[in-house]
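I opened my notebook to a fresh page. I wanted to look up a few things in one structure and write down each answer.

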Amino acid sequence: MAAALGLSLQSGFISAPAIAQEGQVIAVVNGFPITGFDIPQRQRLLQLINGRAPSRQEALDDIINDRVKFVESRRFRVQATDAQVDQAFAQVAARSGVNPIAFEQVLRSQGIEARVYKGRIRADLSWTNLIQARYGRTVFVPDAQLDAEVNKRTSGNSRAVEYTLRQVTVVVAPNAAPGVVQQRAGVVQTLRSRFENCTTGPELINATTDAAIREPIRRSSSDLGAEFRRVLDSTQVGRLTPPSRTSQGFEMIALCGKNEMRSDNQVMRNQVRDELTQTELRRISQTYLQQIRRQAVIEYPRGRP
C-alpha cells in the first residue's frame, strides 16, 4: 500500500514547490496579474497556433498585450460577451472538424486549459470591436489609390486571378501514434482520388469520419504567396491540392473556381478596397497597441524577467 501510494503521488499530483511556483505572480498589468501558470499555458497555446515553440518572454509579451487590449476595450465598453467568445470557440473547433467539447479534449491533450484559449479569443474579439468602433468609419481609400492598386494587379503578364477555395481538414491528434497517422494518410489519399468537383465533393468529406470542409472563400492571386499560387495553378479545378501536415491533422484545398480578373471588374475593385481598408486598420491597430502599452502600468513583483 505504501508503494502504491508513493507511485500515485509521483504520477497524479504536483509537488508543493511546483504548485507554489505556478501561483507566483510574475507581472501585474493595469491591476491584472500574470502568474507562473499563465506563461507555460500561453507557450503551449502559441505553439499549437503557430507551429513553433515560443520563448518564455514571447509568451509573457503576448499575455501582456492581451491584458492591455482587454482593459482598453473595457474602458470603452466594447468588450466581447461570453456568447461571442463561445461562438468563436465553436467556429475554431468546427474548422478543426470537431465539436467544442471534443476540441476542449484536444486542448487538454496538449496541456492547455480551454479557458486559456477562450481568454485569448476574448481579448482579440474585444480589440477588434474597439478598432471597428473607433476607426472603422474613418478609413477611406481614395479612388486614385484604388485605381493604382487595381491596375497593378491586372497589368501585363501578371494579370490577377480570382480563386474560389474550400479548406479541407482530416483531423489527426498531434500526439497520434504512427499507425494512426498512416491510417489517416490513407484516408487523405482516398479523398483526393474520389473528390472530382465542388458540387458532390463536400458530401464525400462530410461522410468521412473526423473530416471537415469549410465554406467557400475567394482570394486574388495577389494575396497569395508564390509557392501557394504554383500549387493552385498545378491543381485541376474541382480537385484537391496535395496535403500538408499541420497541428490539426492533414489539410488540403479544394480548388472550386479560377477566373481571370479584369480591371473593370467591380467585384475585384470592392475586394481591393476591402483589402486596403483592412491593411490600414491593421496599421492603426499596431500603432494604437504600442501607444497604450507604453502607457500601461506594468509591475514585476519578483523583478523583471
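How many aromatic pairs does the count come to? I found six aromatic pairs. I keep in mind that this is a predicted model.

**Entry: one ring pair**

I picked out phenylalanine 32 and phenylalanine 70. They form an edge-to-face aromatic pair, 6.5 Å centre to centre, with 85° between the planes. I needed both values because a pair of aromatic rings is described by the distance of the centres and the angle of the planes. Edge-to-face calls for planes over 60 degrees apart, and this pair has 85°.

Next I looked up where the two rings sit. Phenylalanine 32 is in strand E2 (residues 32-35), and phenylalanine 70 is in helix H4 (residues 56-75), so the pair ties together parts that are 38 residues apart in sequence.

Is phenylalanine 32 buried, exposed or partly exposed? I noted a relative accessibility of 26%, so phenylalanine 32 counts as partly exposed. Buried would need a value under 20%.

**Entry: a cluster and two charges**

I then found one aromatic cluster formed by Phe89, Phe103 and Tyr117. Phenylalanine 89 has another partner: lysine 118 lies over its face, at 4.9 Å from the ring centre. I also noted arginine 245, which lies over the face of phenylalanine 250, at 5.2 Å from the ring centre.

**Entry: helix H7**

Helix H7 covers residues 114-135 and has 22 residues. I checked its span. From first C-alpha to last, H7 reaches 31 Å, close to the 32 Å expected at 1.5 Å a residue.

Which residues of H7 are buried? My list reads Ala114, Val116, Tyr117, Arg120, Ile121, Ala123, Ser126, Trp127, Leu130 and Ile131. Tyr117 I had already met in the aromatic cluster.

I asked what covers these residues. The cover includes helix H3 (38-50), H4, helix H5 (82-95), helix H6 (100-109) and helix H12 (266-295). I recognised H4 as the helix that holds phenylalanine 70.

**Entry: threonine 208**

I found threonine 208 in the loop between helix H10 (201-206) and strand E4 (211-213). Its relative accessible area is 17%, so threonine 208 is buried. Leaving out residues up to four places away in sequence, threonine 208 touches Val187 and Leu191.

**Entry: the whole chain**

Last, I stepped back. The chain has 12 helices and eight strands. Of its 305 residues, 37% count as buried. I also looked up contacts between residues at least 6 apart in sequence: 74% of them join residues at least 24 apart. The accessible surface comes to about 17600 Å², and 49% of that belongs to carbon and sulfur atoms.

Notes. Residues are numbered from 1 along each chain as its sequence is written. This is a predicted model: local features need pLDDT of at least 70, side-chain atom pairs count only at pLDDT 80 or more; totals for chains, interfaces and linings use all residues. Side-chain values use heavy atoms; hydrogens and water are left out. Rings of Phe, Tyr and Trp (its six-membered ring) pair if their centres lie within 6.5 Å; planes under 30 degrees apart count as stacked, over 60 as edge-to-face and the rest as tilted. Helices (H or I, at least four residues) and strands (E, at least two) are DSSP runs, numbered from the N terminus. Buried means under 20% relative accessible area, exposed over 50%, partly exposed in between (1.4 Å probe, protein chains only). A charge sits over a ring if NZ of Lys or CZ of Arg is within 6 Å of the ring centre and within 35 degrees of the ring normal. The expected span of a helix is 1.5 Å times one less than its number of residues. Contact means heavy atoms within 4.5 Å. Accessible areas come from the Shrake-Rupley method with a 1.4 Å probe; for residues, only the protein chains shown count as cover.
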